[in-house]
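Work through the two exercises below with the sequence and the structure in view, and try each task before reading its solution.

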Amino acid sequence: MRAAVYSSAGPAAEVIAVQEVDAPVAGAGEVLVRVAAVGLNPVDVKIRAAGHDFGAIRYTERPGWDVAGTVVAVGPGVAGWSEGDAVFALARFPEAAHTLAELVALPVSDIAAAPRAWSAAQAGAAPLAALTAWQALDAAGVGADDGARVLVLGGAGGVGHLVVQLAKARGAHVIATAGPAKQELVTAWGADEMVDHHDDDALAAIEPVDAVIVTVSDTLPPRGAIREGTAVVTITGYSAAQEAELRAGGADPVRRILVAANGPQLAEISALADAGRLTVHLDSEYRLSDLAAAQERVETGHVTGKVVVLVDPRD
Ligand SMILES: NC(=O)c1ccc[n+]([C@@H]2O[C@H](COP(=O)([O-])OP(=O)(O)OC[C@H]3O[C@@H](n4cnc5c(N)ncnc54)[C@H](OP(=O)(O)O)[C@@H]3O)[C@@H](O)[C@H]2O)c1
């Protein structure tokens, strides 16, 4: 079968190739999936450029963590899944998963039924970003229908556009930041208030919130948004000095999360999608043979929604 392979660390156009490799088989507790679509994430390009592990995240020469596709075989001990099922997954993260290939073996603990309301491209694009959004809201204590005021720093990116929608689905009042060109889209995804992150006065005018979800690097929430007990959850991380500044302003807890694979949470995400309460905006679609261009698009940092790679044996 064909699969994406990195020859070494380095620029996308120089080190990415599509090669023939041995096909996997479904082991115990796994299903074998014919891959239709694979989402790309900033972590893919960071790992490729660096050529080594990032903390718990495994470097791999055979990339890919997101996936949507069709079950073609089930391994020993698997119940509840059968040939022909449409599934999606964040596979094995932060261990290596090798989803950028024609076939992949997936642990059943990581998979869920793909939303019927979404295209395969949307299902493949979503898992890492959607689970990050879900787990960030959980970490911030944003529960169902508790009417929380939630500030999303970065409401237009892969994770941010799903945080906005999932926070709305949990009954929150959502304030989101984005540049002027993207505000209409973020409003359509459900944001109640939009703030241009270039506008210091507008940022300073944000009133205290219950939770802040931070999806952009090196960006502190405006002081006025923090009160005693505001939960701040970052997916990009803060320095010790930045954390201390937030705590001095009353923020509690201040947490950084790393997304984890989780099939049952993906099943809840799938149900929201089928209920018409969650969509995935596709920034752009690429073929497997154009993986380098797809990664270069992610590398710009200006993606709106998600970049996805379509895996089609006819290409
Ligand atoms: N901890 C985890 O488990 C985890 C999981 C997923 C992602 N991440 C990390 O989280 C970050 C976001 O991931 P992603 O997939 O959402 O990235 P992404 O899709 O590449 O985000 C790009 C978006 O961010 C917007 N943006 C950039 N700076 C901004 C600012 N100061 N204020 C508001 N919006 C801004 C961009 O808008 P413009 O085009 O207008 O600049 C663009 O729409 C990355 O660093 C990624 O590595 C961490």
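**Exercise 1: the partners of one strand**

In this predicted model, E3 and strand E4 (residues 66–74) pair in the antiparallel sense over six bridges. Find which residue of E4 is the bridge partner of Leu32, then trace the other strands joined to E3 and decide how far E3 is enclosed.

Solution. Begin with E4, where Ala73 is the bridge partner of Leu32. Next, turn to strand E6 (residues 103–107), which runs antiparallel to E3 and is joined to it by five bridges; here Arg34 has Leu103 as its bridge partner. Then take strand E15 (residues 306–310), likewise antiparallel to E3 and joined to it by four bridges, with Val308 of E15 standing opposite Gly39. Finally, consider burial, counting a residue as buried when its relative accessible area is under 20%: nine of the eleven residues of E3 (residues 30–40) are buried, so the strand is largely enclosed by the rest of the structure.

**Exercise 2: the contact between two domains**

The protein chain is divided into domain 1 (2–126 + 281–310) and domain 2 (130–256). Describe what each domain brings to the contact, and state how many salt bridges the rule finds across the interface.

Solution. First, note that domain 1 gives eight residues to the contact and domain 2 gives ten residues. Second, the area buried between the two domains is about 680 Å², with carbon and sulfur atoms giving 61% of this area. Third, on the domain 1 side, Ala126, His281 and Thr304 supply 53% of the area that domain 1 buries against domain 2, which is more than any other three residues. Last, the rule finds zero salt bridges across the interface of domain 1 and domain 2.

Notes
Residues are numbered from 1 along each chain as its sequence is written. This is a predicted model: local features need pLDDT of at least 70, side-chain atom pairs count only at pLDDT 80 or more; totals for chains, interfaces and linings use all residues. Side-chain values use heavy atoms; hydrogens and water are left out. Buried means under 20% relative accessible area, exposed over 50%, partly exposed in between (1.4 Å probe, protein chains only). Helices (H or I, at least four residues) and strands (E, at least two) are DSSP runs, numbered from the N terminus. Two strands pair if DSSP finds at least two bridges between them. Domain bounds come from an automatic or database domain assignment. Contact means heavy atoms within 4.5 Å. Buried area is the accessible area (1.4 Å probe) that two parts lose on being put together, summed over both. A salt bridge is a side-chain nitrogen of Lys or Arg within 4 Å of a carboxyl oxygen of Asp or Glu.
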